[in-house]
Amino acid sequence: MDGTTSQRDRSLELDVARAKGGDRHALESVVRAVQKDIYGVALRFLWHPEDAEDATQEILIRVIAGLGGFRGDSNFRTWVYRVACNALLTMRRKRMEQQVTLEEFGDDLARGLSDDPLRVENDVDEGLLLEEVKIGCTTAMLLCLDRDHRLAYILGEIVELRHREAAEVLEIAPATFRKRLSRARASIAAFMTSRCGLVNPGNACRCRRRVATAVALGRVDPASLLFATSLEQAKRFPQVLSKIRQLEETSRAAALYRSHPDPQPSEAFVSWLRGVLDELADARVQPGRT
């Protein structure tokens, strides 16, 4: 843990203590500090932003409701991740969790390659379409893992929690977490090395060759992109990819996931969060305190 992270966590712990005492502004700070962490895990776990936002709403309510019972036996973020993972593991299956194997996913990719010229419609920049396909496709690969291995990969490889902390989050032994992460890492790395042109330039699959099929099948809507929100980020990706390809093959897949922009919830979610903070914070504030 670097100095910046330690300082951030210390500040959060102070806000938690004040929020438990009824400080409205501290409660707002706590919720805003962890909502991006929760949403990031939920989006990678569920794929679709709407499902991730629904899950994040439920998890944040659990965090706020359980704040009084947080005893400080663990780091607060660790506790929040535990609340989030417990919720994700027990919720009903969402629209994208179809139990497709990596082999079946690879066959689908191979059938959907096109060398037709990329047609950009609805005034959408070509770079954004490529970014949409890249993020959507690589995130969908995670859904080919079962829930336990998916969470192990997200926490260990993408969020980069230490193994002992991730095991604490999932309430399993560190050795069990390491085994799950190792299996998940091997599956994703092997798949991308053999199939994905981003990780291995020798592979036939290219985001550019997937766009036409993705649009035709309704998996990408040029008028309403789910993942690609920053043209600047999209334009920087070729330079990022060049650095990723300089890594060992076994490290490229995780580096590719970590290169994705930080997931940002919609304006509707932000408005919901603001309303919840107003209602719940007011209910927790003691008379005469702010």
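**Entry 1: Asn203**

I started with the side chain of Asn203, where a polar atom sits 2.9 Å from the backbone oxygen of Thr193. Worth noting up front: I'm working on a predicted model. The same side chain also reaches the backbone oxygen of Met192, at 3.5 Å.

Next I checked where Asn203 is placed, and found it in the loop between helix H9 (174-195) and H10. Is Asn203 buried or exposed? I got a relative accessible area of 11%, so I put Asn203 down as buried, the cut-off being under 20%.

Then I pulled the contacts of Asn203, leaving out residues up to four places away in sequence. My list reads Met192, Thr193, Ser194, Arg195, Cys196 and Gly197. Met192 and Thr193 are on that list, and I had already met Thr193 through its backbone oxygen.

**Entry 2: second largest pocket**

I moved on to the second largest pocket and noted about 600 Å³ of space in it. Its lining comes to 25 residues. For those nearest the centre I wrote down Trp47, Met96, Phe105, Ala140 and Arg219.

Which helices each supply at least two residues of that lining? I found H5 (102-111), H6 (126-142) and H10 (207-216). H6 gives the most, with five residues. H10 I knew from the first entry, as one end of the loop that holds Asn203.

Last, I sorted the lining of this pocket by residue type: 14 nonpolar, five polar and six charged.

Conventions. Residues are numbered from 1 along each chain as its sequence is written. This is a predicted model: local features need pLDDT of at least 70, side-chain atom pairs count only at pLDDT 80 or more; totals for chains, interfaces and linings use all residues. Side-chain values use heavy atoms; hydrogens and water are left out. On a 1 Å grid over the protein atoms alone, a cavity is a set of points where a 1.4 Å probe fits but cannot get out, and a pocket is an open set with protein on both sides within 12 Å along at least five of seven lines; lining residues have an atom within 4 Å of a point. Grid points are joined across faces, edges and corners, and a volume is the space filled by probe spheres set on the points. Helices (H or I, at least four residues) and strands (E, at least two) are DSSP runs, numbered from the N terminus. Ala, Val, Leu, Ile, Met, Phe, Trp, Tyr, Cys and Pro count as nonpolar, Asp, Glu, Lys and Arg as charged, and the others, Gly among them, as polar. Buried means under 20% relative accessible area, exposed over 50%, partly exposed in between (1.4 Å probe, protein chains only). A polar contact is a pair of N or O atoms within 3.5 Å; within protein, one must be able to donate a hydrogen and the other to accept it, and residues adjacent in sequence count only if both atoms are side-chain atoms. Contact means heavy atoms within 4.5 Å.
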